[in-house]
Structure formats: structure tokens, C-alpha cells
Amino acid sequence: MKFAKKLVLAALAGALALGTAQVQAREFRAAEVQPPDYPTVKAIQFTSEQLSKATNGKYTIKVFPSSQLGSEKDTIEQIKLGAIEFLRVSAGTLNTICPAMTVPVLPFVFRDLEHQHKVLDGPIGDEILADCDAHGMIGLAFYDSGSRSFYTKNPVRSMADLKGLKIRVQQSDVWVAMMKLLGANPTPMPTGEVFTGLKTGLIDGAENNWPTYQTSHAYEVAKFYTLSDHSMSPDVLLMSKKVYDGFTAEEKAAVRKAAKDSVPYMRKLWAELEESSKAIILKSGVEVITVDKAPFQAAMKPLYDQFLPDPKLKDMLNRIIDTK
Ligand code: BDP
């Protein structure tokens, strides 16, 4: 009898443990504007696998690509409330919330990819990510996003050709200001609307890296790509602070590690996609135009003062420039 009772108790305890484990297992949602298979999407899936391993299957992340959960602007609002747990956006959409995010978006801040990696992989990168902490978001990692250039329906062979052109920009004041300084007419809209905007003539052009130009199919409509390389605005992976605060110390460390570990994986995929996107675009008959970047750089210089009124951020910019 005693033995039977023990058995029943053991079975009960097992069921309870199983029940608790089931209740606690949680699949988070991650919002993404890029299509399935894009390097950022795969990097979040990699983060999910690592996080799941580290927490014995307790936590996983499901990515919702192609703006299924909304535009970057909308999903930023949702992550702050904890309605979405993870989010991957372009740094340019965060500057009004986390001011330090303005710095890596500003034109001609990074000399090249090596310089950008050195800065973002080091203490300055962590400082920028941490600036979102006070605003309901934990900055987990930076992802590569190449450099941005103009794609237009008519050729832009110099800065003068941008005059009055309706150029789509991210929904961000820093991007609006950049285009104004170049003489263009900035038209803010979500990235998911660019292709249709070009097709219907709502906009004359946009600006982005090779992979977005290609995967969004914008290259089929805007057949001129002017290599101004004006911004190396990185992409960012964020987590809702509300959710993060509910994690144990080990879980917090695990999610941070998983995200950071996804960076080299992402960079490899990114380099491959940049190459293949470029090849597709060139093969399609797009005219790639090289321009003198000096006038672009000079015209956009006032942004540094306008958008970095805080001396601490100006100091950060100088530390970036001084990073060898
Ligand atoms: C791409 C970023 C994406 C942005 C898009 C944009 O990966 O997050 O939404 O630019 O310009 O490079 O909005």
C-alpha cells in the first residue's frame, strides 16, 4: 500500500513537473520587414536555436518576416509595450527614441566595413545598444546592412540631378533632413511600400543597399543605381525590456550571448547575398553610376550639429572617427 501510494505520488509529481514545463515553454514573436531567407531573418532563427539550447527548450523565437506584424515604426511601438518580444529594425528608425542610434546612421561616419565592425563590435557599439534600455527596449546586436545608395527611375549623375526628386526615406526625421540637404523631396514611407510607390510614380526613387534593392524587386522599376554610399546605417536586433526583465540572470545572459553569436553567422550570409544581389542587378541591365561623393558629404555635413546637440554624442562621433 505504502509502495502504491509512493508510485501515485511520483506519477503526480512527474505530471506536475511536465505540466509546469509545458506552461513555461514560450515561443516569442520577432517582427521583421525583410523577406524569408534574408540574412537578418536567418540570424534571428539562429538566435532562437541558441536560446532554446541554452534554456533547455524553454524559449524559442518565431520570426514573422515581410512586415507581417507591421511596419518598423508600428512594431517599435509594440515592442515597447511588450506586445512583440523581439524586433529587428534599421537603426535609422530608432533615433528619436534612443538618441545614440543617430550616430551610426549619419552620413559618411564609417570609412568602410572594417571600420564599422571595429566600432560596433567594441565598447562604442555596446554603448549605442544600451541607449535603448531606458526606452523599453534591450539592444542585443548590430547586423550588417552594407551601404546605402540611390536608385531612381531617371539617372542621377551628380547631386544636382536629385533636385526636387521624390525620394522615399525611412519614417525618421534624420532621413528627411538628409534628403532635404541634398535638394531632394523626401517622402517617408515603410520599406514594404517602396516597390509599389516606384511603380505607380508616387516616388521617383529611394535609397538602400544592394540586397534590399534586389530582394524588394525595386531594381526592376528603378533602373539606375548611383553609388553615393552615403550611409552605412546598421540593422539592430532588439528585445522587449518588459520580457527581458522577467528573465533570470542566466536567461538574460543566454539571450544576449545567443544574439551576439548570431552576428558572425549573419555577416557571412550578408556578404554572400551582397554578391548575388549585385550579380542579379547587373545582369538585369541596371545602369550603375559612380559619382563624386565629396559634394554629397559636404552638403550633409550640417546634420552632425543638427542631430547631435548632446556633447556626449558628439564625443561618441569623434571617438568613432578616431577609431583606427
Ligand atoms: C533596409 C533595412 C530595413 C529597413 C529598410 C528601409 O534592412 O530594416 O526597413 O532598409 O530603408 O536596409 O526602410
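**Notes on the pocket and the ligand**

1. Let's start with the pocket wall: helix 3 (72–81) and strand 3 (86–90) each give at least two residues to the lining of the largest pocket. Helices here are DSSP runs of H or I with at least four residues, strands are E runs of at least two, and both are numbered from the N terminus. Helix 3 makes the largest share, four residues.

2. A word on the basis: this is a predicted model, where local features need pLDDT of at least 70, side-chain atom pairs count only at pLDDT 80 or more, and totals for chains, interfaces and linings use all residues. Residues are numbered from 1 along each chain as its sequence is written, and side-chain values use heavy atoms, with hydrogens and water left out.

3. Which domains feed the lining of the largest pocket? Domain 1 (25–145 + 233–263) and domain 2 (148–232 + 277–322) each bring at least three residues, with bounds from an automatic or database domain assignment. By type, the lining has five nonpolar, 14 polar and eight charged residues; Asp, Glu, Lys and Arg count as charged, Ala, Val, Leu, Ile, Met, Phe, Trp, Tyr, Cys and Pro as nonpolar, and the others, Gly among them, as polar.

4. Now the ligand: 14 residues surround it, with Glu72, Arg88, Arg148, Arg168 and Asp235 nearest (a heavy atom within 4 Å counts as near). A side-chain N or O atom of arginine 148 sits 2.7 Å from a ligand oxygen.

Methods: A polar contact is a pair of N or O atoms within 3.5 Å; within protein, one must be able to donate a hydrogen and the other to accept it, and residues adjacent in sequence count only if both atoms are side-chain atoms.
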